[in-house]
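Reader: I'm new to this one and would like a close look at a single part: the empty space inside. Could you walk me through it?

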Amino acid sequence: MVASFSAQDHQWMAQAIGLARQGLYSTDPNPRVGCVIVRDDEVVGTGAHLKAGEPHAEVHALRVAGDRAQGAVAYVTLEPCSHHGKTPPCAEALVKAGVARVVCAMQDPNPLVAGRGLSLLQRAGIETASGLLEGEARALNPGFICRMEHGRPYTRLKLAASLDGRTAMQSGESQWITGAAARADVQRLRARSSAILTGVDTVLIDDASLTVRASEIGLPDADAARAAACQPLRVVVDSRLRLPVSTRMLNLSGDTLIATACSENAPAAIALSAAGARVVSLPGNDGRVDLSALLTWLAEHAQCNELLIECGATLAGAALRAGLVDELVLYLAPTLLGSSARPLFNLPLEQMAQQYRLQLTDTRQLGDDLRLTLSCRQDND
């Protein structure tokens, strides 16, 4: 039976979703969750989960509400947890507070716990309902949902190109194709990501740092500082271990992972490990890193929710051909780089039937540039 929700239910859940967005850059690997507690048509408590290991949204909201939570309705963007982790179960906290009703936007996507929080509440005599603004709630946590449901991170491929589809000059020179507004937007994409993945050639050419820079992110100071403090894992695909130990990213704060097709006991691997990197061997059948195995490893061992790929044409094409890209974020600058410049993808297609048809989901202007967001999921996926 489908639950019936009132206009006020929608209003309070929309507020909870807005609160959950406060954790966009800092809850990893946990989901972003918001909570609103309402009694007699008055909001008596609000909360958001802001950082892993700290209290969840429900706990923050219950602390604000105090005794006024008795007999109230709690609106939560994700099913309250029922298990002991770094914090006690939120479902038990709601029971103890004496709320009368709990409305969830969606159930927990973890197959090991889905529905258990709601069952705990129901056994305590609390009315429950779920599915209110579920689409908006799922959009908050595409990575957490993907990791729980598919065992891999939600993967975005970010590229910047000229109007003629070129990403860099033939020499590799690429700074800058896009303007400051687009680059700030990329910083925000980095900040919400669990990890940033690139190829070794990109690092060799640019000595890329793959960091979130608070000064460029274009957020209020407090949000920018929180985002910069939660640096994503840097991942370099380096099949033959060509990365030098002197590379800049190994001297920066945060962790660096080198994915290789070589042995982890190879001299170059040992040297990179001594320089502070973690080296993981994931060989594929073609002598290159198995990208699918890498994404599975990132989900399992690094609890990676959202993965951002920033790379050249070879790795971009390989990821797309392997069906590993969920979303393409393409920044187009009003400039031309010419036919000898480097292309977006290395995709050796020969027939129209082989083309990759993408779904355009969002278009917006950032300064003089355009940002196109496209879904890469094929109809038969």
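Reader: Which residues line the largest cavity?

Author: Quick ground rules: this is a predicted model, where local features need pLDDT of at least 70 and side-chain atom pairs count only at pLDDT 80 or more, while totals for chains, interfaces and linings use all residues. Residues are numbered from 1 along each chain as its sequence is written, and side-chain values use heavy atoms, with hydrogens and water left out.

Now to your cavity. Its lining is made up of L197, L291, L295, I309, L315, A319 and L324. (A cavity is a set of points on a 1 Å grid, over the protein atoms alone, where a 1.4 Å probe fits but cannot get out; lining residues have an atom within 4 Å of a point.) Two elements each give two or more residues to that lining: α11 (291–301) and α12 (313–321). (Helices are DSSP runs of H or I with at least four residues, strands are E runs of at least two, and both are numbered from the N terminus.) The space inside the largest cavity comes to about 50 Å³, a volume being what probe spheres set on the points fill, with points joined across faces, edges and corners.

What sort of residues are these? The lining has seven nonpolar residues, with no polar and no charged ones. (Ala, Val, Leu, Ile, Met, Phe, Trp, Tyr, Cys and Pro count as nonpolar, Asp, Glu, Lys and Arg as charged, and the others, Gly among them, as polar.)

There's another hole to set beside this one, as searching the whole structure turns up two cavities of 30 Å³ or more. The second largest has a volume of about 30 Å³, and around it sit E79, P80, C81, S82, H83, D108, V113 and G117. Here the lining is a mix: three nonpolar, three polar and two charged residues.

One residue in the lining of the largest cavity also turns up in a record. UniProt, in an unreviewed entry, puts the feature "binding site" at A160, W176, T202, S239, G312, A313, T314, L315, A316, G317 and A318; such annotations may be inferred rather than shown by experiment, with feature names shortened and positions given in the numbering used here. These positions don't all gather at one spot, because they span 159 residues in sequence and the farthest two C-alpha atoms are 28.1 Å apart. From this set, L315 belongs to the lining of the largest cavity. A160, another of the listed positions, lies in strand β6 (residues 154–162).

Note on methods. 1 Å grid on protein atoms, 1.4 Å probe; cavity = no way out; pocket = protein on both sides within 12 Å on 5 of 7 lines; lining within 4 Å.
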